[in-house]
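Work through the exercises below with the sequence and the model at hand. Each task is followed by a stepwise solution.

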Amino acid sequence: MTGQVDALVVGGGFAGMYAVYRFRQLGLKVKVLEAGTDVGGTWYWNRYPGARCDVPSLEYSYGFSPELEQSWDWPEVFSAQEDILRYANHVADRFYLRRDMQFNTRIVSVEWQEDADCWRLTSEAGEVFEAPFCVMATGCLSVPMKPDISGAQDFRGEVYHTGTWPKEPVDLTGKRVGIIGTGSSGVQAIPELARQAGHLTVFQRTPVYTIPANRKRMRAAVQQEFRDHYREIREMQQHNTGGVSNFRPSRSVQRPAGATRDASRFPNRLLDLDPGQRDALMQAQSLGALLAFRDIYTDIEANDIANELYREAVRRMVDDPVTAERLLPRNYGLGCKRQVLDRDYYETFNRANVTLVDLGETPIGTITPSGIQIGSQHHDLDVLIYATGFDAMTGALLRANIRGRGGYELKEKWAGGPVAYLGLQMSGFPNLFTVTGPGSPSVLCNMLVAIEQHVNWIGDCITYLRSTSQATIEPLPQSEESWVEHVNSVAEGTMYTTPSCNSWYLGANIPGKPRIFMPYVGGFPRYRERCEMETSSGYPGFVIGQD
Ligand code: NAP
C-alpha cells in the first residue's frame, strides 16, 4: 500500500485533473489513479480520425485560472481532439498535476472499510490504495460498447473501436474498411475514413440527424474579446441551462466583412412559418437553422415538420436516390438524441469508394474471418471499426465493483437504474463522490463547467467535514428518492423521453440496461442552486457521522 492521502480520485481526465488542482488548494493530499498512460480522459482515448468537440473551445475550457485563459490559443472555434489533448497536457504541465497522478493503474475494486472509515481501492495489478474519501471521476462516456455479434472473435483483419483508438498511426491506405455505427463518433469518422481508405463500407442501423459543424479557424480578434470578458463569460455560464455563455463578440469583430446571417428575419416558432417561408429558410440556411426553433423540442407537430424539412434537405445533398432514402431518419425526431455535428457527412456518400449498407433492412448475420455476412451478401473487409458507443453514465461506476457499507454492491443498488442524490453521492456509500454522476446535468451541460462545479462542491464538503471533525457523509435515503423522482419528472414530456426515442441517455443502447433518463434536464442553474443550498444550510439532505 502506498502513502496515505486524504482523497483518492479515479480518472485522470478533466475532472481528475481539476480535482488535483482544487484539492491541493484546499490543503488536501490527493492522488489520482488513471488507467491510461497520461492525462486527458475522453480526449486521450477517442483519437479516431475526425474526432472533435461539439462545444466551442473558448467555452469548453477551464475557468479556474485567469492566467491560463489569457495564455492559451485555440486554433479553431470547435477544436479537434489533438488540440484539446494538447490543452490537457499544457494544464497538467503548467500546474504540475502529474506529481499527484499515477498512470497505467486501472482500478478494479472500490471497497468501504467499515472499521477504518476509509475506502480501499485495488488496481488490476493488485496494488492497494486507501483514503477516507474517494472521488469517482470516471467520465460519462468512458466504457466502450462493443455489440455481441456472432463470429466477431474470428475476424482476421484489424479491429478498432473509436472509443479506444490506438496512439500509433493507423494506415488505412488502399484497405477495405468497414465501420459499424452512425452516432456522433461514426459520423465524424466516416468522412475522414473515406478519404484514407481504399473502400469504406458503412453499416448503418439507425439513420442520424446531423448538422454541419462550424469549421472556422479562430480569429485573433474573437479570442481577444473573449479574453477581455472572461470573468463575465464564466459568470454567464453559471446562469445558462447548458453551461455555455453564448457570449457574442461585438459586431466589429463578430464577422468578417461581407459575411451575412439572416436567421433573424424568420419567426421564433417553426409553426409560425408558412410553407413558403420554410422553403426559403431551407434554401438560405444550413440544416442547423432548424435547431433554432424552440417549438421543435416541445411540440410534436413542429417536430414532425422539422423532421420532414430535414429529410428533404438530405435528399438534395445525396446524389443516389436509393442511398439518400436509406440515410433518412424516420422513426424518431430531432431533439431525442444528442445532436450530432459533422463535416461532409452526406457528401461522403457521393464518393465512388463509399457504400452504405442499411441494417434496418437486414441486420448483421455474422462476422466472418474476412468480413461481414448480411443475408446472402458477404462484405469483404481488411479493417473493422466499431463506432458503437458507450455504456454511458453508469458503465464506469458499475465496472469499478464498488461496495459500500456491509458489502452492499452498487450493482445491486442500481439494478433498477441509477439512484443517487444530485448525481454526487449514494446512500450506503459514505464519503464516495461521483463527478457528473447520473442525476446531474453532466452530458446536457458544458462538461468543463459541470466538472468544476462538482469538484468545488466535493472539495468544500470534505473541507467542512474536516473542519468540524466529522468523519463521514452520505445522502439520506429520502433525499435520493425524491431527487430521482424529480429528475424523472422534469424529463417527462420532453423529446428525450418520447417512446420512439432510443438513446444512450436512456440506456437504450445497452441490451438489458434499465430504461431510465439518466442526466438532469432541469438546467444547470437550477441544479447548481440546489447544490449550493445543501452547502449553505449545513447539508440537510445528508447524514453526517462523527469521528
Ligand atoms: P452512439 O451515439 O451510441 O452511436 C452508436 C452507433 O452504433 C449508433 O448508430 C448505433 O445504432 C450503432 N450500433 C450500436 N450497436 C449496433 C449493432 N449491434 N449493430 C449495428 N449498429 C449498432 O455512440 P457515439 O457515436 O460514440 O456517441 C456517443 C456520445 O459520445 C455522443 O452522443 C456524444 O455525446 C459523445 N461524442 C461527442 C462527440 C463530439 O463532441 N462531437 C464526438 C463523439 C462522441 P442505433 O442508433 O441503432 O443503436
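**Exercise 1.** In this predicted model, how many residues surround the ligand, and which are the closest?

Solution. Step 1: collect the residues with a heavy atom within 4 Å of the ligand. This gives a shell of 24 residues. Step 2: pick out the closest, which are Ser185, Gln188, Arg205, Thr206 and Trp504. Step 3: sort the shell by residue class; it holds 10 nonpolar, 9 polar and 5 charged residues. Step 4: look for the element that gives the most to the shell, and helix α5 (residues 184-196) comes out, with 3 residues.

**Exercise 2.** Describe polar atom pairs between the ligand and Arg52, Gly183 and Lys337, then state how much of the ligand the protein buries.

Solution. Step 1: start with the nitrogen side. A nitrogen atom of the ligand lies 3.0 Å from a backbone N or O atom of Arg52. Step 2: turn to oxygen. A polar backbone atom of Gly183 is 3.5 Å from an oxygen atom of the ligand. For Lys337 the partner is a side-chain N or O atom, 3.5 Å from an oxygen atom of the ligand. Step 3: consider the surface. The ligand taken alone exposes 910 Å², and the protein buries 87% of that.

**Exercise 3.** Why does the ligand lie between domain 1 and domain 2?

Solution. Step 1: list the domains of the chain. The assignment gives domain 1 (7-143 + 391-546), domain 2 (146-208 + 337-389) and domain 3 (263-318). Step 2: compare them with the shell. Domain 1 and domain 2 both give residues to the shell around the ligand, so the ligand lies between them. Step 3: characterise the pair. Their C-alpha centres are 31 Å apart, and the contact takes 20 residues from domain 1 and 19 residues from domain 2. About 1,700 Å² is buried between the two domains, with carbon and sulfur atoms giving 50% of that area.

**Exercise 4.** Where is Lys146 found, and which residues is Lys146 in contact with, leaving aside neighbours within four places in sequence?

Solution. Step 1: Lys146 sits in the loop between β7 (133-136) and β8 (158-161). Step 2: with those neighbours left aside, its contacts are Val159, Tyr386 and Thr388. Step 3: Thr388 is 242 residues from Lys146 in sequence, yet the C-alpha atoms are 6.2 Å apart.

How values were computed
Residues numbered from 1 in each chain as written. Predicted model: local features only at pLDDT ≥ 70, side-chain atom pairs only at ≥ 80, totals over all residues. Heavy atoms only, no water. Polar contact = N/O pair within 3.5 Å; in protein donor to acceptor, adjacent residues only side chain to side chain. Areas by Shrake-Rupley, 256 points an atom, 1.4 Å probe, with all protein chains shown as cover. Helix = DSSP H or I, 4+ residues; strand = E, 2+ residues; numbered from the N terminus. Nonpolar A, V, L, I, M, F, W, Y, C, P; charged D, E, K, R; others polar. Domains from an automatic or database assignment. Contact = heavy atoms within 4.5 Å. Buried area = accessible area lost by both parts, 1.4 Å probe.
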